[in-house]
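Subject: Structure handover

Hello,

Here is the structure for your files. Please open it alongside this note.

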There are 2 protein chains.
Amino acid sequence: MNAERAIIARRRMVDRALGRYVPARGDTLSRAMRYSLFSGGKRLRSVLLLAAGEAVGGERRLLLPFACGIEMIHTYSLIHDDLPAIDDDALRRGKPTAHCVFGESTAILAGDALLTEAFRVMTSMSMGKGDAALSVVTAIRAIATAAGVRGMVGGQVADLEHEGKRVSLATVRGIHCRKTGALIGAASEAGGLVGGASGAALRALTGYGRALGLAVQIADDVRDAEASTAVTGKITRRDQQRGKATYVAVLGSAAAHAALRREVSRALRALRPLGDRARLLTQLARQVAEWGEAGARHSS
Amino acid sequence: MNAERAIIARRRMVDRALGRYVPARGDTLSRAMRYSLFSGGKRLRSVLLLAAGEAVGGERRLLLPFACGIEMIHTYSLIHDDLPAIDDDALRRGKPTAHCVFGESTAILAGDALLTEAFRVMTSMSMGKGDAALSVVTAIRAIATAAGVRGMVGGQVADLEHEGKRVSLATVRGIHCRKTGALIGAASEAGGLVGGASGAALRALTGYGRALGLAVQIADDVRDAEASTAVTGKITRRDQQRGKATYVAVLGSAAAHAALRREVSRALRALRPLGDRARLLTQLARQVAEWGEAGARHSS
């Protein structure tokens, strides 16, 4: 199976598992959770976690709950970021955002539920005694750290605080690394940890994840600035309207594209110690580069 | 040391540990998190977790991160419940609520951060190989389950959905058990799990926690209906204004008091297998009863 197909197969695997972990129960809360969870995301973080874990020989039985957990954390962050009090976005992945469909209170609580349930899911596998439990604890620590004040939430606050201000590249980079980079980095690292990696292999996965995480946010900046709503599925040019700190705002378009290519190269370089085992991870990095460039090609 | 003093000592221990886990860093996010975290709560859930773990011989080094984690989860839930889109409360523990002080976006994100950091804190202790990690995983699962769709968040949604409707006692009981009871039950259970309990001792702690959790919410209903704002530190009679499903609304005051006494008795009965080791847990149950009755005594 080629790498592209293998990625699609893992995406479907994650979708099926998410359907089991967040079942439809006919109530408003589960409807709201599933609406955002199954709204056509790329499953980058979950596929990345699986691919990282598989690259070091991890068991899918342990990796899949973590892949779903990190996707649930990502989804909660999108629901809360879109709220009227935060980024006030009405469109995401071509569909009305959760609070537009279910109201603000349900959107807040659906986000809370996804974040909480993520940790239930990541501790839901049956385990014998021994090392598996220790690696589960360490992986949860890595993910919670990346999603918390030193990572995603802290980055989101910094992002809001810098709206409309002149910022340096170092500041934008710092915000991006926390807001988006940290969780993607943790997906790669946690895959390695649950997969039993240590030493050079774990360092390779962590370095790869960090560079890829920054690349994803730069690609997002580029797409918001250059692609149309029809391509991105969300209302574009919002970053500029709000005076957001982005790579395009600070560097201009050409240099932002160069920065994206540079981070993707850095991610690929980090994978070298893994050799052939990094096939899917290599393909994921290429897709991120392609995704950033595609926005520009389709621009109006 | 008598039980009352021992409880105060543990409350201080939790306060000091929370100060280390959520340090003041001069930024808005940590200010907002600490504002709500150190606003004079009774620390019931954290002291209960410590007392449950100590009753079965658990190590404080492992119990304290869990005690702090559960207090952080409780605090996040208060911040989000008070939001304008949810219960729209302006006063809590005699102080303006988080969104009144820091704005809505910071309040949402401070809640998100507390919930996320709770799981970081609960996985922050250093562990050798072996059983400790397994009990940590099991305890996290119990807490996340109690805080998620089948517990606290699900109960909060049900609570909002039943506003202004005529409800049966069974419905109110079900909402209370999820909204408040589940997390308090999980505090007792997780203390037991991290403390290494199994069999009859773990069942005793779980049964005690569930009954106590329901008692706490009935006591809250009674206080909202009968005490003044000066006594409770929040604007009272809000339940009635909103047509909330409460024990007082369904049963009237006298029967609500009787239900409170009944659940406290049930909690105390559940502790019997633990004998003398349950001294602090017994005292905590008495304090919950006293707290419900005190509201009535001070009523105007």
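My notes on symmetry, the chain contact, the core and one helix pair follow.

This is a predicted model: local features need pLDDT of at least 70, side-chain atom pairs count only at pLDDT 80 or more, and totals for chains, interfaces and linings use all residues. Residues are numbered from 1 along each chain as its sequence is written, while chains are lettered from A and ligands numbered from 1 in the order written.

Symmetry. A turn of 180 degrees and a shift of 0.0 Å along the axis lay chain A on chain B with an RMSD of 0.0 Å (least squares on C-alpha atoms of residues with pLDDT of at least 70 in both). The two copies are thus related as by a two-fold rotation axis. Both use the same surface: 100% of the contact residues of chain A recur in chain B.

Chain contact. Chain A gives 40 residues and chain B gives 40 residues (contact: C-beta atoms, placed from the backbone, within 7 Å). On the side of chain A that touches chain B, helix 6 of chain A supplies the largest share, 11 residues (helices: DSSP runs of H or I, at least four residues, numbered from the N terminus).

Helix pair. Helix 2 (residues 28-37) and helix 6 (residues 104-121) of chain B pack at about 75 degrees, axes 9 Å apart (lines fitted to C-alpha atoms over the stretch in contact; angles run from 0 to 180 degrees between N-to-C directions). That makes helix 2 of chain B roughly perpendicular to helix 6 of chain B (65 to 115 degrees). B:Ala32 and B:Ala110 are among the residues that meet there.

Packing. B:Ala215 touches B:Leu260, B:Glu263, B:Val264, B:Ala267 and B:Val288, not counting residues up to four places away in sequence.

Best wishes

Terms used
Contact = placed C-beta atoms within 7 Å. Helix = DSSP H or I, 4+ residues; strand = E, 2+ residues; numbered from the N terminus. Parallel < 35°, antiparallel > 145°, perpendicular 65-115°, else oblique.
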